[in-house]
Amino acid sequence: MHKLPYLSGYPDNLRSQVMQLVDAGRLGEVLLQRYPDAHGIRTDRALYDYVQDMKIDYLRQAAPVSKVAYDSKIHVVQHALGLHTAISRVQGSRLKAKHEIRIASVFRDAPLPFLRMIAVHELAHLKEKEHDKGFYKLCCWMEPAYHQLEFDLRLYLSWLDLGGRRLWTADDDGTKRVAF
């Protein structure tokens with residue numbers, strides 16, 4: 001029996017369905033059918049522009065985000081997929097906070113809905129600090145399919161954890177291709 005740490009909070013019947021897909025070797029195939037293409041947001045600048053556009057659309061009154069970047073160390077060091085940090089600095093007699101969003105580099109080679117889900121999650125932290133009911137309500141307002149996308153992302157992480165290869169890649173020139 002395979003361990004599925006990314007799905008530990010889900011009901012047993014759902015986990016057993018995933019196990020059937022894993023045992024049949026079809027989990028990667030199912031994910032590729034649902035999400036056939038990788039996105040072309042490869043650089044930190046393109047990622048910043050993408051997140052800023054979402055912030056303007058949904059959280060115009062929230063604090064500004066000074067930096068958005070892919071980070072290759074997040075998943076390994078912090079056991080997270082994204083981080084929202086507020087860095088406080090003294091400027092004269094005032095304390096100034098800058099907000100930064102870091103997104104795990106696994107999202108560089110992923111479908112756009114997965115990137116959107118993690119960006120929505122980190123943007124929601126501008127308004128709601130804790131993962132409570134209000135936080136998830138805000139996430140669902142910005143992305144109505146938030147919970148389904150989170151589940152599908154957990155499926156992909158389980159696929160990778162079980163030794164599966166990356167399903168999507170995008171070249172530096174933005175060409176998208178399936179890596180299956």
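**Helix H6, the sheet and the core**

The face of H6 that points away from the helix's buried side carries Lys-133 and Lys-137, both exposed (over 50% relative accessible area, with buried meaning under 20% and partly exposed in between; 1.4 Å probe, protein chains only). The model is predicted, so local features need pLDDT of at least 70 and side-chain atom pairs count only at pLDDT 80 or more, while totals for chains, interfaces and linings use all residues. Residues are numbered from 1 along each chain as its sequence is written, and side-chain values use heavy atoms, with hydrogens and water left out.

Helices (H or I, at least four residues) and strands (E, at least two) are DSSP runs numbered from the N terminus. In H6, residues 133-142, the buried residues are Phe-135, Leu-138, Cys-139 and Met-142. They lie on the same side of H6 because they cover an arc of only 100 degrees around the axis, the arc being that of the directions from the helix axis to the C-beta atoms. The cover over these buried residues includes H3, H5 and H7, where contact means heavy atoms within 4.5 Å.

Two of those helices also lie across the sheet. Three strands form this open sheet, in the order E1-E3-E2 and with mixed pairing; two strands pair if DSSP finds at least two bridges between them. Strand E1 (65-71) and strand E2 (82-91) each have a single partner strand, so one side of each is left without a neighbour in the sheet. From one strand to the next the twist averages 25 degrees. E1 pairs with strand E3 (residues 94-104) in the parallel sense, over six bridges. Val-68 has Ile-101 in E3 as its bridge partner.

Helix H3 (residues 44-58) lies across E1 and E3 and runs at about 130 degrees to E1. Helix H5 (residues 112-124) lies across E1, E2 and E3, at about 160 degrees to E3. For these angles, axes are lines fitted to C-alpha atoms, for helices over the stretch in contact, and angles run from 0 to 180 degrees between N-to-C directions.

The largest nonpolar core has 52 residues, and Phe-107, Leu-115, Leu-123 and Trp-168 have the most contacts inside it. Such a core is a set of buried Ala, Val, Leu, Ile, Met, Phe, Trp, Tyr and Cys residues joined through side-chain atoms within 4.5 Å. Two or more residues come from each of helix H1 (12-23), helix H2 (27-34), H3, E1, E3, H5, H6 and H7.

Leu-162 lies in the loop between helix H7 (146-161) and strand E4 (168-170). Leu-162 counts as partly exposed because its relative accessibility is 34%. Apart from neighbours within four places in sequence, Leu-162 is in contact with His-2, Lys-3, Leu-4 and Val-22.
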